[in-house]
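This report looks at charged contacts, aromatic pairs and a few separations along the chain. The sequence and the structure are shown first.

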Amino acid sequence: MKAERGKRVRRSLGLAAAGVVLAGFSLTGCGGSSTESEKTVIEIVQYKPEAADYFEALEDEFNATHDDIELKISSPNDASTILKTRFIREDYPDIIGIGGDINYSYYVDADILADVFDYEGLADVNEGYLEILENLEFVPVDGTYGVPYVANAAGILYNVDLFEEYGWEIPTTWDELIALCEEISSEGILPFYFGYKDTWTCLAPWNAIAVSLCDADVTKQVNRGETTFAEEYRETAEKYLELLQYGESGPFAYGYNDACTAFARGESAMYMIGSYAAPQILSVNPDMNLGSFVLPANDDADANTLNSGIDLMFCMTEACENKEAAYEVLDFLLEDENIQKYIDDQTAIPCKNGDFTLSPILDGMADYIESGNMTDFQDHYYPSEMSVDAMLQTFLIEQDVDAFLKDFNTDWQRYNRDIIRMVQDYEASQE
């Protein structure tokens, strides 16, 4: 079984050479072992280095209140690479903290994650986020392989004081958004700051537009051979490109930190980014009156949806030797008080149902959150090898919609051959 899992890990992750990256990484062995004091050790590796202080405090609190379990949490800067390297070496943590993206899909396919269907805490998780997990699976798989913890929301952050000073209204349709940009420009103020030097920032507006213009499962439709991206993504690409004229001159010379700083200092009225940027912005200007609203990509206001996905979830690995202890750790992490601390620290949205207090920054998105009118990020279905963020940056530089869509179709088929074959084999078996 162990040898078979190793083969599946290499096939799914495609990282046989990844060990070179971290050749000096010391192995700790699978969790669940005991120290001299006979405590059960539960190791968590989580991928949010910006929340390292939060997890360090949780680790200390847990260990101070539990006599039989020792919790060890690490928050490395490159957790994804470290995890994949450890998986190839069959050196598994007990629990991993990851985002709801294609890496989760790979891990499920490689049989790395344990089915936690019997974890009682799942009953308190918002059903919508459990559905997002199911949708991430390449093909339907029995069981539940993650416990959603917190989500984020992406759209438009805006300077509330500027909007109130000039009497600008929050747009609810695409035409209203463009009219607002024109109005802001007429006042000699920059509508947006983009910061596209860091390629990943190119994904934020792309996702926020696409969720309202495309079906949530468009990538799966393409994998099944039912449509093409040239057909499904054209309007998204055109509107994405249209917004470029309302940003800073030379947006590819400025990165994420530059954009956060400029926006915080009032150099633009809006910033198309996720709620995760709020702590960075407020670190520059703690007194900034920051608000948010859904990017209205549709001409029909009722057709718009909030771009929201699982920002952090916890998955138990198959190699975990003490399921009961791992579940006790999960219980602790999911205590309302601890989730609220994370929400306050990271401007996040809880995946757990309950009476939580969200940041007032998210007030403009509250109706979408409360009604469940949310759709997962499109890029959560993109393979990292395809480098869609770099493709988007190139598209914005060259501004050729047809060439971009053609390349997207071609690269999708190239980097998803195995997944497409898996999907089509599954569909054939169902028929």
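## A salt bridge within one helix

In which helix do Lys341 and Glu337 both lie, and how many residues apart are they? In this predicted model, both residues belong to helix α16, which covers residues 336–346, and they are four residues apart, about one turn of the helix. Their side chains meet in a salt bridge, with an N to O distance of 3.8 Å.

The two partners fall into separate accessibility classes: Lys341 has a relative accessible area of 35% and is therefore partly exposed, whereas Glu337, with a relative accessible area of 52%, is exposed because the class begins over 50%.

## A network of buried charges

The structure holds 13 salt bridges. One of them joins Arg86 to Glu43, where the closest N and O atoms are 2.9 Å apart. This pair links distant parts of the chain, since Arg86 sits in helix α4 (residues 79–88) and Glu43 in strand β1 (residues 40–46), with their positions 43 residues apart in the sequence. Arg86 also forms a salt bridge with Asp91, and here the closest N and O atoms are again 2.9 Å apart. Glu43, Arg86 and Asp91 are thus linked in a network of salt bridges.

Are the members of this network buried or exposed? Arg86 has a relative accessible area of 2% and is buried, as is Asp91 with a relative accessible area of 3%. Glu43 has a relative accessible area of 13%, and because buried means under 20%, Glu43 is buried as well.

## A negative surface patch

Which residues form the negative surface patch? The patch is made up of Glu169, Asp175, Glu176, Glu183, Glu187, Asp299, Asp300 and Asp302. One of these residues, Asp175, lies in helix α8, which covers residues 174–186. Asp175 counts as exposed because its relative accessibility is 53%, and the class of exposed residues begins over 50%.

## Aromatic pairs

The count of aromatic pairs comes to 35. One pair consists of Phe194 and Tyr196, whose ring centres are 4.9 Å apart and whose planes stand at 10°, so the pair is stacked; the cut-off for stacking is an angle under 30 degrees. Phe194 and Tyr196 are both buried.

Ring pairs also link a cluster that contains Trp206, Phe229, Tyr233, Tyr240, Tyr382, Phe395, Phe404, Phe408 and Trp412.

## Separations along the chain and in space

Tyr233, a member of the aromatic cluster, can be set against Arg421: these two residues are 188 residues apart in sequence and 23 Å apart in space, C-alpha to C-alpha. Arg421 is found in helix α20, which covers residues 417–430, and with a relative accessible area of 46% Arg421 is partly exposed.

A second separation concerns Tyr47 and Gly255, which are 208 residues apart along the chain and whose C-alpha atoms are separated by 21 Å. Tyr47 is partly exposed, because its relative accessible area is 27%, a value that falls between the limits of under 20% for buried and over 50% for exposed residues.

Methods:
Residues are numbered from 1 along each chain as its sequence is written. This is a predicted model: local features need pLDDT of at least 70, side-chain atom pairs count only at pLDDT 80 or more; totals for chains, interfaces and linings use all residues. Side-chain values use heavy atoms; hydrogens and water are left out. Patches are made of residues with over 30% relative accessible area and no salt bridge: like charges are joined within 9 Å, nonpolar side chains (Val, Leu, Ile, Met, Phe, Trp, Tyr) within 5 Å. Accessible areas come from the Shrake-Rupley method with a 1.4 Å probe; for residues, only the protein chains shown count as cover. A salt bridge is a side-chain nitrogen of Lys or Arg within 4 Å of a carboxyl oxygen of Asp or Glu. Lys and Arg count as positive and Asp and Glu as negative; His and the chain ends are not counted. The place of a charge is taken as NZ of Lys, CZ of Arg, CG of Asp or CD of Glu. Helices (H or I, at least four residues) and strands (E, at least two) are DSSP runs, numbered from the N terminus. Buried means under 20% relative accessible area, exposed over 50%, partly exposed in between (1.4 Å probe, protein chains only). Rings of Phe, Tyr and Trp (its six-membered ring) pair if their centres lie within 6.5 Å; planes under 30 degrees apart count as stacked, over 60 as edge-to-face and the rest as tilted.
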